[in-house]
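The following exercises are intended for a reader who meets this structure for the first time. Please attempt each task before reading its solution.

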Amino acid sequence: MEGVVCAWLRNDLRLHDNSVLHQAAAVASRKNLRVLPVYVFDPRYFQRTRYGTLRTGALRGLFLLQSVLALKRQLRRVGSDLLIKVGRPEKVLPALLEPHADTYVLTQQEVTSAELTIDGGVRRALDDRCQWQYCWGSTLFHKDDIGCASGLDNVPEYFNQFVKCVWSGQTRSSSAAQVDIPRVAQLVRPCLPDLAPGSLPLPEAHDLGFEPGWRDLPYAEELPEPASCKEFFGGEALALERLSDYVWKTDFQYTLHSDRLKHFGEYYASKLGPWIAHGCLSPRKVFEEVRRFESDSPGAPHTQRLAVELTWRDFFRFLSGKHGNSIFRQGGLKGYKRNWKQDVRLFNLWSEGRTGYPLVDACMRELQSTGLPSNQARLNAASFLACSMSFDWRRGADWFESHLLDYDVTSNWGNWVRCAGLTEGRLDSFNVVKQSQKLDPDGVYLKRWLPELEQVAAPLIHEPWLMTAEEASELGASAYPAPCIDPTFFEGRHGPRQGAARIPPERYKLDEKELSRAARAAHFSSSV
Ligand SMILES: Cc1cc2nc3c(=O)[nH]c(=O)nc-3n(C[C@H](O)[C@H](O)[C@H](O)COP(=O)(O)OP(=O)(O)OC[C@H]3O[C@@H](n4cnc5c(N)ncnc54)[C@H](O)[C@@H]3O)c2cc1C
């Protein structure tokens, strides 16, 4: 009987900067063992959620499949391979591994409950002699370097505080906008060196021939395979290509932060999300490229912005680690109580892009079609559901989980719980009408996703309810839905403003005004 080092790969589907593979190679060389890289398609991630949505929608399922197969090819290039299995890891892994004191299971440490529960199941099912090792690898800043001396319990609740804490020494700069890249670079650990050929010697007696296709994914139902998208194809190679193009071959240098606030265009943002979320690209690799660019063009605003965005990602991951299950609870991190609406009809209007509010509808249709709406579009759609419709935000997060191509558990649920005003007692409520006018003045984005409004010119396209029936008919816009909540909601001094507001605690107790507002909205929607 022989021991082995099992590198159980999950959201780290890459060779570069992969802490699990690196530690596996180190343990193997120290103990003179072989390394078995394994990926397991777990049926639980392909089931329907309690709301009836597919936990992994078809677009992301395909991207994941492509990423896993790409990793198998990459590993073969360095003399290794990937054993791919379908089943529950707590059944699959113990069946693969000999009970032996020299059997090691290494995996990336996750922070959320579903993953931790599965880990617990695997550890219980493994023979007591097997050794379990977590590796940290999913963030820009290592968890031991974030300046929170006693672990994640001390992670600050506010992003700006987090920035101060992480970029320690930068305490004078409380604004996340002022990033000193060379200084931050001293705080980010360098990418791990490339794996030496032969450093992952394979054990014998494993059938490594299985290369799953679409039908092998453990969906409980027949699901047609979506068309593959050339631009967003899973795997490390394309991720690195996109990173390099974005930084070096475009006008990255001149892309200003204000451009990021647009919803469209090839390079308004990096669009690296799907690869980062699946671990085909490490955040440190992105930062390394930013750093190289920055040394040629110091102070470029967009490089700074990218560093801030990656720090946001870290923030949600560490905050989720601190708060455990709270990011999934209705009351969020603070346990606030609010009377969230649950009417399925209202939710369907939102999720199908038929609210009658063009910016929200364009975002939701783009989400269904590509899985990748812009950050601004997401913020508006989330704010509309949670703040304007007062609808149970968890259904929105669940819908995004199913449909986003770049779904990442802590980024999604963290952003949602924050959009719903349930994190730090602050509400970023968006006026979707003003946002639409400001960010897409000519209605280019709206027309791209709303064919019913193709002939409607700006500024009317932002408020299509102002058209008379005749006008709508002339412009071929009659099929566009009436607004599901009263547009006066966005007017006057009570209308939500773009920007942050401190939430008075009573906001979360139902008061009469809130109720009548909600009733008005519901009534209006029933006539849609
Ligand atoms: C309601 C809602 C849900 C979201 N769900 C997700 C999600 O599931 N996965 C996800 O990666 N992002 C999520 N985001 C954040 C953000 O919208 C996306 O990261 C961004 O739009 C991806 O585009 P990009 O790759 O071009 O990012 P860029 O703007 O180029 O940023 C680079 C990378 O930084 C990270 N990042 C940027 N902004 C954020 C942010 N606010 N929070 C966390 N990470 C960020 C991402 O990894 C992103 O790919 C969500 C935002 C909202 C408002």
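Below are five exercises, each with a worked solution.

The model is predicted: local features need pLDDT of at least 70, side-chain atom pairs count only at pLDDT 80 or more, and totals for chains, interfaces and linings use all residues. Residues are numbered from 1 along each chain as its sequence is written.

**Exercise 1. Domains**

Determine which domains the assignment gives, and how many residues of domain 1 are in contact with domain 3.

Solution. Step one: the domain assignment, whose bounds come from an automatic or database source, gives domain 1 (4-137), domain 2 (143-189 + 236-325) and domain 3 (329-526). Step two: 11 residues of domain 1 are in contact with 12 residues of domain 3, contact being C-beta atoms, placed from the backbone, within 7 Å. Step three: on the side of domain 1 that touches domain 3 there are five nonpolar, four polar and two charged residues. Here Ala, Val, Leu, Ile, Met, Phe, Trp, Tyr, Cys and Pro count as nonpolar, Asp, Glu, Lys and Arg as charged, and the others, Gly among them, as polar.

**Exercise 2. The ligand shell**

Describe which residues and elements surround the ligand.

Solution. Step one: the ligand is surrounded by 28 residues, the closest being Ala 269, Ser 270, Gly 273, Arg 313 and Asn 412; a residue is near a molecule or strand if its C-beta atom, placed from the backbone, lies within 6 Å of it. Step two: two or more residues each come from helix H9 (273-277), helix H11 (301-323), helix H14 (375-388) and helix H16 (409-419). Helices (H or I, at least four residues) and strands (E, at least two) are DSSP runs, numbered from the N terminus. Step three: H11 supplies the largest share, six residues. Step four: by class, the shell holds 15 nonpolar, seven polar and six charged residues. Step five: domain 2 and domain 3 each contribute at least three residues to the shell.

**Exercise 3. Strand S2**

Establish whether strand S2 is buried or exposed, and which strands pair with S2.

Solution. Step one: seven of the seven residues of S2 (residues 35-41) are buried, that is, 20 or more other C-beta atoms lie within 10 Å of their own; 12 or fewer means exposed, anything in between partly exposed, and C-beta atoms are placed from the backbone. Step two: Val 35, Pro 37, Tyr 39 and Phe 41 lie on one side, and Leu 36, Val 38 and Val 40 on the other. Step three: S2 pairs in the parallel sense with strand S1 (residues 4-9) over five bridges and with strand S3 (residues 83-86) over four bridges, where pairing requires that DSSP finds at least two bridges. Step four: Pro 37 is the bridge partner of Ala 7, and Leu 83 that of Val 38.

**Exercise 4. Positive phi**

Compare the settings of Lys 271 and Ser 390, which are not glycines and have positive phi.

Solution. Step one: phi of Lys 271 is near 55 degrees, and phi of Ser 390 is about 50 degrees. Step two: Lys 271 belongs to the loop between helix H8 (257-260) and H9, whereas Ser 390 belongs to the loop between H14 and helix H15 (393-403). Step three: Lys 271 counts as partly exposed because 17 C-beta neighbours lie inside 10 Å. Ser 390, by contrast, is buried because 21 other C-beta atoms lie within 10 Å.

**Exercise 5. A loop residue**

Explain why Thr 468 counts as exposed.

Solution. Step one: Thr 468 is in the loop between helix H18 (444-449) and helix H19 (469-474). Step two: Thr 468 is exposed because 8 other C-beta atoms lie within 10 Å.

Terms used: Two residues are in contact if their C-beta atoms, placed from the backbone, lie within 7 Å.
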